[in-house]
Amino acid sequence: CIVNDKVDGQVLGATELKWEITYEDNRVISSGTYNMPEVEHYDREWLKPEIVLPTDFNGDRLNGKLKLFLTQNNTVIAQNEYNLLIAKKEWVSTNVSESKEIVLIDSGDETAKVLDFIGLKYSTEKNIKSGLNTKAELYIISGKAAYNKKQIALIQSKIEKGAKVIMLNPGEQITHIFPEYISSYLDKKLETAHIDIPESKIFDGIEHMDLRYFNNNKAEKPLVYTGLIQVNEDSEAEPLVSGCEHRYARIKDRRKEMITMKGFPIVSIENGGKVILSEMMLNKGVTDPIAAKLLSNMIIDILE
C-alpha cells in the first residue's frame, strides 16, 4: 500500500516499487519491479505484486528478508523490511518407512491434508473404537470429538499397554482422559509460543523464535495454538512448549491470576506407552513450514 502522507500536501508523482528477497547478510536472491501511478495527497494506492519465492537458495531453510523500496527519480523515498522464513518441501518430509503401521482418526478432516503433504503413509479410521482396535505402531487422534466413558477408558487402556499416540487439538477432553496429569485447560488462541525444552527431538531444525505467527495464506491473525494445557505439578507430564496471554496481572494475588493466563500447548506423557498432546495449529502445515516441520518431528520422535 503506497500512502501519500507528504507534509507539503503535494501529489506524489509516479514511482517505482522494487521488491527483493535476500539472505540475512543482504545478498539478493530474487527481485522484481513495478511502475506505480501518481497518488493524490492523503490518498493511497494498493498493489498485489507477484513476488516469486526462490527455490535454489543454500540449505533447506532460508532465514531471509523481504525488502520493499519505493523510488522516484532513482532516489529511495520509502522502504520497508520484513523477516521471512522460506523452506524447501524436503525439509518437512518425515521419511518414515512405509512399512510403519500408522492410523489416523480425524474428526476435523484437516490433518490428512498435512500428513499427505509431509509424505506420511497411513490408514484412516472413522472412530476411536475401530481406530484403537486396529494394530498400529502410532495412532494420530485429531480434533475435539466428544468421547464417552467407554471411549475414554479405551484410550487410557491403550496407552497404559504401551501404545504411542499423538493427540492433535483435543481440547478440554484431555482433563477427563488424563486427570492424574492434566489439571485444567484454557481455551485461548494466541500468536506466539515458546520452546521450553530445546533439546527435545521434536525441535530438530526449529529455532527458538520459530513458534510464532503461523501462516495460512489468509488475512487474519497468524495464530499458532488453539488452547493451553495446565499440568499437575507433582505429575510426570513434561511440558515442551509454553504460551501466555499478553496482558497485565492486575489483582493483588498475581500468582492466582497467572494461572488463568499461562499454560502449555505441547505436553508429553509417558505412562506405559507415550502420548504427545498438542494444541498447536499444525493443520497450517500445508502453508507454514514450521507447523509442518513440528508435526513431522513429533511423528519421527515418538516412533523412535
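**Exercise 1. Locate Asn 74 and its neighbour Asn 73, and describe their backbone and exposure.**

Step 1. Asn 74 sits in the loop between β5 and β6. Asn 73 is placed in the loop between β5 (61-72) and β6 (75-87). The model is a predicted one.

Step 2. Asn 74 is not a glycine, yet its phi is positive, about 65 degrees. Asn 73, also not a glycine, has a positive phi of about 55 degrees. For background, most residues other than glycine have a negative phi.

Step 3. Apply the cut-off for exposed, which is over 50% relative accessible area. Asn 74 has 82% relative accessibility and therefore counts as exposed. Asn 73 has a relative accessible area of 72%, so Asn 73 is exposed.

**Exercise 2. Give the overall make-up of the protein chain.**

Step 1. The secondary structure of the protein chain consists of seven helices and 16 strands.

Step 2. The C-alpha trace spans about 75 × 55 × 35 Å along its principal axes.

Step 3. The protein chain has 304 residues, and 46% of them are buried.

**Exercise 3. How is the side chain of Arg 212 placed with respect to charge and to backbone oxygens?**

Step 1. Find the residue: Arg 212 belongs to the loop between β12 and β13.

Step 2. Check for a charged partner. Arg 212 is buried but has no salt bridge. Asp 210 is the nearest side chain of opposite charge, at 7.7 Å. A salt bridge requires a nitrogen and a carboxyl oxygen within 4 Å.

Step 3. Look at the backbone instead. A polar atom of the Arg 212 side chain lies 3.3 Å from the backbone oxygen of Ala 193. The backbone oxygen of His 208 is 3.4 Å from a polar atom of the Arg 212 side chain.

**Exercise 4. Work through salt bridges of the model and state the exposure of the partners.**

Step 1. The count of salt bridges is 11.

Step 2. Lys 18 pairs with Glu 20, with N and O 3.3 Å apart. Lys 18 is partly exposed because its relative accessibility is 31%. Glu 20 has 11% and so counts as buried.

Step 3. Asp 25 and Arg 27 form a salt bridge in which the closest N and O atoms are 2.8 Å apart. Asp 25 has a relative accessible area of 46%, so Asp 25 is partly exposed. Arg 27, at 44% relative accessibility, is partly exposed.

Step 4. Glu 245 and Lys 188 meet in a salt bridge of 2.8 Å, N to O. Glu 245 is in the loop between β14 (238-244) and α6 (254-258), and Lys 188 is in the loop between β11 (182-186) and β12, so this pair ties together parts 57 residues apart in sequence. Glu 245 counts as partly exposed at 21% relative accessibility, and Lys 188 counts as buried at 19%.

Step 5. Arg 61, Glu 207 and Asp 210 are joined into one network by salt bridges that share partners.

**Exercise 5. Which residues gather in a patch of negative charge on the surface, and where does Glu 199 lie?**

Step 1. The patch of negative charge on the surface gathers Glu 199, Glu 236, Glu 238 and Glu 270.

Step 2. Glu 199 is in the loop between β12 (194-195) and β13 (228-231).

Step 3. With a relative accessible area of 62%, Glu 199 is exposed. A residue in such a patch needs over 30% relative accessible area and no salt bridge.

Note on methods. Residues are numbered from 1 along each chain as its sequence is written. This is a predicted model: local features need pLDDT of at least 70, side-chain atom pairs count only at pLDDT 80 or more; totals for chains, interfaces and linings use all residues. Side-chain values use heavy atoms; hydrogens and water are left out. Patches are made of residues with over 30% relative accessible area and no salt bridge: like charges are joined within 9 Å, nonpolar side chains (Val, Leu, Ile, Met, Phe, Trp, Tyr) within 5 Å. Accessible areas come from the Shrake-Rupley method with a 1.4 Å probe; for residues, only the protein chains shown count as cover. Lys and Arg count as positive and Asp and Glu as negative; His and the chain ends are not counted. The place of a charge is taken as NZ of Lys, CZ of Arg, CG of Asp or CD of Glu. Helices (H or I, at least four residues) and strands (E, at least two) are DSSP runs, numbered from the N terminus. Buried means under 20% relative accessible area, exposed over 50%, partly exposed in between (1.4 Å probe, protein chains only). A polar contact is a pair of N or O atoms within 3.5 Å; within protein, one must be able to donate a hydrogen and the other to accept it, and residues adjacent in sequence count only if both atoms are side-chain atoms.
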